[in-house]
Amino acid sequence: AGTAANIRKMAELFRKHIVAPVVSALKTGAAPEKVALALALGFSIGLFPVLGTSFLICNFAVVFCRAVELVDLNLVIINVANLAAIPFELVLLPLFARLGARLLRSGAQEIAGHAFASSLRSDFWGSVRTFRVFIGHACLGWLVCMPFLVGIMYWGFCPVVRRMKSMIRRD
């Protein structure tokens, strides 16, 4: 019974904090493709290996894209996707670091994501000094993966968001 209750809680959180803002944006006339792009960029940026910086990067991306008139990204949607990526950030951190180390042909510093996070909480600057090579490798790995992550997620989100838009029109 506990597992079923937890699944219901997670589904409710997902509906309230991810689906509802997307539906709201679509109801206000946002193009499904722009919403899908904001979701893909927000989630991908949310995986950036330097913990706590992805919010700033997402906001910078929105401001930059609007300033150069590239695309009008939805600030709320990109940040919702950014927050949704948090559980995956620590899981992918060692993988990004391993990829970055391989690309540089250097030895990978092995560390578990949860150990890294707890170290950051106890002594942030000390951890940054200790793990700077690990963080650098992870950033390089993330940078290499970023275009593929955005492309794959955009390709996956587009039909879902278009379907949501068509369901809204019927309501």
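A salt bridge here is a side-chain nitrogen of Lys or Arg within 4 Å of a carboxyl oxygen of Asp or Glu. This is a predicted model, so local features need pLDDT of at least 70, side-chain atom pairs count only at pLDDT 80 or more, and totals for chains, interfaces and linings use all residues. Residues are numbered from 1 along each chain as its sequence is written, and side-chain values use heavy atoms, with hydrogens and water left out.

**View 1. K165, a buried lysine without a partner.** K165 sits in helix α8 (residues 132-170); helices are DSSP runs of H or I, at least four residues, numbered from the N terminus. K165 is buried (under 20% relative accessible area, 1.4 Å probe, protein chains only) but makes no salt bridge. E33 has the nearest side chain of opposite charge, 8.9 Å away (Lys and Arg count as positive, Asp and Glu as negative; His and chain ends are not counted). Leaving out residues up to four places away in sequence, K165 touches L26, G29, A30 and P32, with contact meaning heavy atoms within 4.5 Å.

**View 2. Helix α2, mostly covered.** Of the 15 residues in α2, 12 are buried, including P32, L39 and F43. The end C-alpha atoms of α2 (residues 32-46) are 21 Å apart, which agrees with the expected 21 Å, taken as 1.5 Å times one less than the number of residues.

**View 3. L70 in its loop.** L70 lies between α3 (54-67) and α4 (75-84). L70 counts as exposed because its relative accessibility is 61%, and the cut-off is over 50%.

Conventions
Helix = DSSP H or I, 4+ residues; strand = E, 2+ residues; numbered from the N terminus.
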